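Trainee: Can you walk me through this one? I'd like to start with what's inside and what's outside.

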Amino acid sequence: MEPSRTPDTQPPERHDPYAVLRYRDFRLVVAGRFVATLGELMVSVAIGWELYQRTNSALALGFVGLTLMIPVLLFSLPAGHIADHYNRQHIVVAAQALLFFASLSLAALSWTQGALPLVYGALFLIGVGSAFSSPAASTLIPQTVPPESFEKATTWSSSSWQLAAVIGPALGGVVIAVTGGATLVYLLDACGSLVYIVLILLIRAQPATPPAKRETTVRSLAEGLRFLRGSQVLLAAITLDMFAVLLGGATTLLPIFADMLHVGPVGLGWLRAAPSVGAAVMALILTHTAPFKRAGRTLLWAVIVFGLATIVFGLSRNFYLSLVALLVLGAADNISVVIRHSLLLLRTPDAMRGRIAAVNGIFISASNELGGFESGLVAWLFTPVISVVLGGIGTIVVVLAVAYFAPEMRRLGALTPSPEAEQSLVREAEAEATEQAPVVD
């Protein structure tokens, strides 16, 4: 779609941290993502709490991540191809409709105490919806703001996500504690999908003429992988995130740690929200600071801090120390998210953003969902403490390996477009100049 990038009012000075919020379509995208994430994170608490209550098994929690990951691995590359050749708004709407149905299914199964295979089946549908929604939705931001605003847009988008991630888990825990079950949580998530659909349909940006609809071949699907292979910085940034969260993710085991710390569902909600509180605070700090000048080293140090905080959380037996460790963990992770997403926006040509986002989605899913299965399996084989502590140590080892084998990441300074992406942005600007100025508020 053609960008709708004219702000509601004349933008003030270049470094105004709030300038990007004056773009109407950007506000709609961020608001929709906020509402959908609010429901999604409530469900993450509810499904973990409900399954652990019914099974008392760490392995059952690990299977949640595996179930969500499989459809992402199966469908993300085709979804990226589709996002690059069809209307991205329509793709997001269709995917959210599937997520709406899946949430209603979870509500019905929770109310009736349905069979566990059906619960995992509903989670599989959530994975399918996410596989198609994520690549298309991630391409909407660069179509609603100009290139010079990409880093701040990414920071504000991350802030909204983290704010939802702060409220969602805590609210999910409260709803479970008040109602004594998870059914209402799933219904609220379904409502969030409906709101997201409405906000996406309100975007004024007109669909651009997509590239010629080529046949979906293995060669076409693999273009994103080939592009990443040729970019050491992008590949290193994604690899850092993937293996850090794969090895250092502790959120899957939070129901077990909440039990070890002798806190109920409300305490579990706060534990689940703590990383997002730290991330939200860091995001607000980043919106008011100058762009990164030594982004590579900043990213490497941020992931090291993530690993150290993970180790502290695994060893802690004090609820408040555990909260602080998760706060620090979330703050460090947000730095990684902002740098990685900014690099993806700045260094990827628009015609390939769907496929690159799909590949990134596979990495994210592998780190979050497969990491959840890995954490549950190691906790089942040994202990939850060993699982988390070894994961934190592994995270630090991965950082050292990336720093050694990817020297371009160590030397990365300011976040700027690659030559290929710059040429793409020039073409987009020339095309935009030939169009009639869009209507503004």
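Mentor: Sure, one term before we start: buried means under 20% relative accessible area, exposed means over 50%, and partly exposed is in between. Keep in mind that this is a predicted model.

Trainee: Okay, let's try it. Is Phe313 buried or exposed?

Mentor: Phe313 has 0% relative accessibility, so it counts as buried.

Trainee: And what about Phe257, buried or exposed?

Mentor: Phe257 is buried because its relative accessibility is 1%.

Trainee: Let's talk about aromatic rings, then. How many aromatic pairs are there?

Mentor: The count comes to four aromatic pairs. In one of them, Phe75 and Phe132 have ring centres 6.1 Å apart and planes at 35°, so that pair is tilted.

Trainee: Why does 35° make the pair tilted?

Mentor: Planes under 30 degrees apart count as stacked and those over 60 as edge-to-face, so the rest are tilted. The 35° of Phe75 and Phe132 makes their pair tilted.

Trainee: Where do those two sit in the chain?

Mentor: Phe75 is in helix 2 (residues 58-85) and Phe132 in helix 4 (residues 116-138). They are 57 residues apart, so the pair links distant parts of the chain.

Trainee: Which exposure class does Phe75 get, and which does Phe132 get?

Mentor: Phe75 is partly exposed, with a relative accessible area of 28%. Phe132 is partly exposed too, at 22%.

Trainee: So what about Phe257 and Phe313, how are their rings arranged?

Mentor: Phe257 and Phe313 form a tilted aromatic pair, with 4.9 Å from centre to centre and 45° between the planes. This pair also links distant parts of the chain: Phe257 lies in helix 10 (residues 254-260) and Phe313 in helix 12 (residues 295-315), 56 residues apart.

Trainee: Changing topic: how many salt bridges does the structure hold?

Mentor: The structure holds one salt bridge. Asp25 forms it with Arg24, and their closest N and O atoms are 3.1 Å apart.

Trainee: Is Arg24 buried or exposed?

Mentor: Arg24 counts as buried, at 18% relative accessibility. Its partner Asp25 is buried as well, at 1%.

Trainee: Where does positive charge gather on the surface, then?

Mentor: Arg294, Arg297, Arg410 and Arg411 gather there in a patch of positive charge. Arg411 is found in helix 16 (residues 407-411). Its relative accessible area is 62%, so Arg411 is exposed.

Trainee: Which residues make the nonpolar surface patch?

Mentor: Leu163, Ile167, Leu171, Val174, Val178, Val266 and Trp270 make a nonpolar surface patch of about 600 Å². Helix 5 (150-179) and helix 11 each supply at least two of the patch residues, and helix 5 gives the largest share, with five.

Trainee: Pick one for me. Where is Val174 placed?

Mentor: Val174 is in helix 5, and it counts as partly exposed at 38% relative accessibility.

Trainee: Last topic, backbone angles. What is the phi of Gln113?

Mentor: Gln113 has a positive phi of about 55°, although it is not a glycine. Gln113 sits in the loop between helix 3 (88-112) and helix 4, and is partly exposed at 46%.

Trainee: And what is the phi of His262?

Mentor: His262 is not a glycine either, and its phi is positive, near 65°. You'll find His262 in the loop between helix 10 and helix 11 (265-287). At 74% relative accessibility, His262 counts as exposed.

Methods: Residues are numbered from 1 along each chain as its sequence is written. This is a predicted model: local features need pLDDT of at least 70, side-chain atom pairs count only at pLDDT 80 or more; totals for chains, interfaces and linings use all residues. Side-chain values use heavy atoms; hydrogens and water are left out. Patches are made of residues with over 30% relative accessible area and no salt bridge: like charges are joined within 9 Å, nonpolar side chains (Val, Leu, Ile, Met, Phe, Trp, Tyr) within 5 Å. Accessible areas come from the Shrake-Rupley method with a 1.4 Å probe; for residues, only the protein chains shown count as cover. A salt bridge is a side-chain nitrogen of Lys or Arg within 4 Å of a carboxyl oxygen of Asp or Glu. Lys and Arg count as positive and Asp and Glu as negative; His and the chain ends are not counted. The place of a charge is taken as NZ of Lys, CZ of Arg, CG of Asp or CD of Glu. Helices (H or I, at least four residues) and strands (E, at least two) are DSSP runs, numbered from the N terminus. Buried means under 20% relative accessible area, exposed over 50%, partly exposed in between (1.4 Å probe, protein chains only). Rings of Phe, Tyr and Trp (its six-membered ring) pair if their centres lie within 6.5 Å; planes under 30 degrees apart count as stacked, over 60 as edge-to-face and the rest as tilted.
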